[in-house]
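Hi everyone, thanks for making time this morning. I'd like to walk you through one structure, so please take a look at the screen.

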Amino acid sequence: MRRGRYHLTGLLRILSETQKLSFTWIESVCFYVICSVPMVFAALNVVKQVVVDNKTTFEVYGLNVSSSPVIIFNFVRSSLWGFIYPTSVNLVVLLYCFLCQNFCRQINRISHEIQECRVQNFTLYKQANISVQKARIEDLLHLTQRVFSVASFLISAAHFCACITVLGSLILDAITFIKDYTLLCQLVLLFLNSSGGLLACLWTAGGLPLAEDELKDAFRRKMRERLHLFGKVDEECFQQELLQKSSFLMSGCGIVYFQRSSILSLLGTILTYTLLLVTKA
């Protein structure tokens, strides 16, 4: 954990030295929504106790206590539980997605630079500069992979299990949840947080290989234009280096690979395991 914190600090320091790190408006909205989830859970818990259960006094260690102190205590306790999961987990997901999205923007900027460059100016020096930029992003991605490999795997496993558990509970105890709307809202909120965190990892980290493919296609097209314009050119070294196999594929411990093509497969897996859980129950 200490080594991971050291690598993360170094990664953020390197990024802050080369560019301004700031949330986009979408990332800012996601941050505030994630931080508000514990209070929503706590508020639903208080509503359940006061409105649904209609409790005015509570028994604590054999003593009747007025509702106000107990409500405040339950609100704080529910907030802490909500912060532990899913808020703290999704804050890590937000940081991971923020870094992946930042790398995507850098790769797209290089692709745009290649597309806007004139064929005559796409010299060996320009190709070498592009190769250096790609190598730098690759090194930072490998550092990100070292920091978040275990964390992303555990987060994916936790969100996956939470989605299956919530769906199974909604199917098995549908009548109970229809009568208790606050508990239903809590389960739906938990499902949205879990599924949203899982989809965010797959979507943002899965965008890195796609951005890399666009970079390779832009480079390949520009090299083809130079070949048509100047005939045979001795510039194969950079082309072979840039067009080698994908190196921007992120994973969780080499077990879970984050690709956008896996979203439908993940949805099918969740539904399958949910049906198995319901059948066994």
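Let me start with one residue, Phe23: at 36% relative accessibility, Phe23 counts as partly exposed, since that value falls between the 20% and 50% cut-offs. Please keep in mind that we are looking at a predicted model.

And what about Phe31? Phe31 comes out at 31% relative accessibility, so Phe31 is partly exposed as well.

Now, how many aromatic pairs does a search of the whole structure find? The search gives seven. One of them brings our two residues together: the ring centres of Phe23 and Phe31 lie 6.2 Å apart, and because their planes meet at 55 degrees, the pair counts as tilted. For that label, the angle has to be neither under 30 degrees nor over 60. Phe23 and Phe31 also belong to one aromatic cluster, together with Tyr32 and Phe98.

While we're on rings, have a look at Trp203. Arg260 lies over the face of Trp203, 3.9 Å from the ring centre.

Let's step back to the whole chain. Its secondary structure consists of eight helices and four strands, and along the sequence the order reads α-α-β-β-α-α-α-α-α-β-β-α. If you take the contacts between residues at least 6 apart in sequence, 84% of them join residues at least 24 apart.

Last, burial and surface. The chain has 281 residues, and 41% of them count as buried. About 16,300 Å² of the chain is exposed, with carbon and sulfur atoms supplying 65% of that area.

That's my tour, thanks for listening!

Note on methods:
Residues are numbered from 1 along each chain as its sequence is written. This is a predicted model: local features need pLDDT of at least 70, side-chain atom pairs count only at pLDDT 80 or more; totals for chains, interfaces and linings use all residues. Side-chain values use heavy atoms; hydrogens and water are left out. Rings of Phe, Tyr and Trp (its six-membered ring) pair if their centres lie within 6.5 Å; planes under 30 degrees apart count as stacked, over 60 as edge-to-face and the rest as tilted. Buried means under 20% relative accessible area, exposed over 50%, partly exposed in between (1.4 Å probe, protein chains only). A charge sits over a ring if NZ of Lys or CZ of Arg is within 6 Å of the ring centre and within 35 degrees of the ring normal. Helices (H or I, at least four residues) and strands (E, at least two) are DSSP runs, numbered from the N terminus. Contact means heavy atoms within 4.5 Å. Accessible areas come from the Shrake-Rupley method with a 1.4 Å probe; for residues, only the protein chains shown count as cover.
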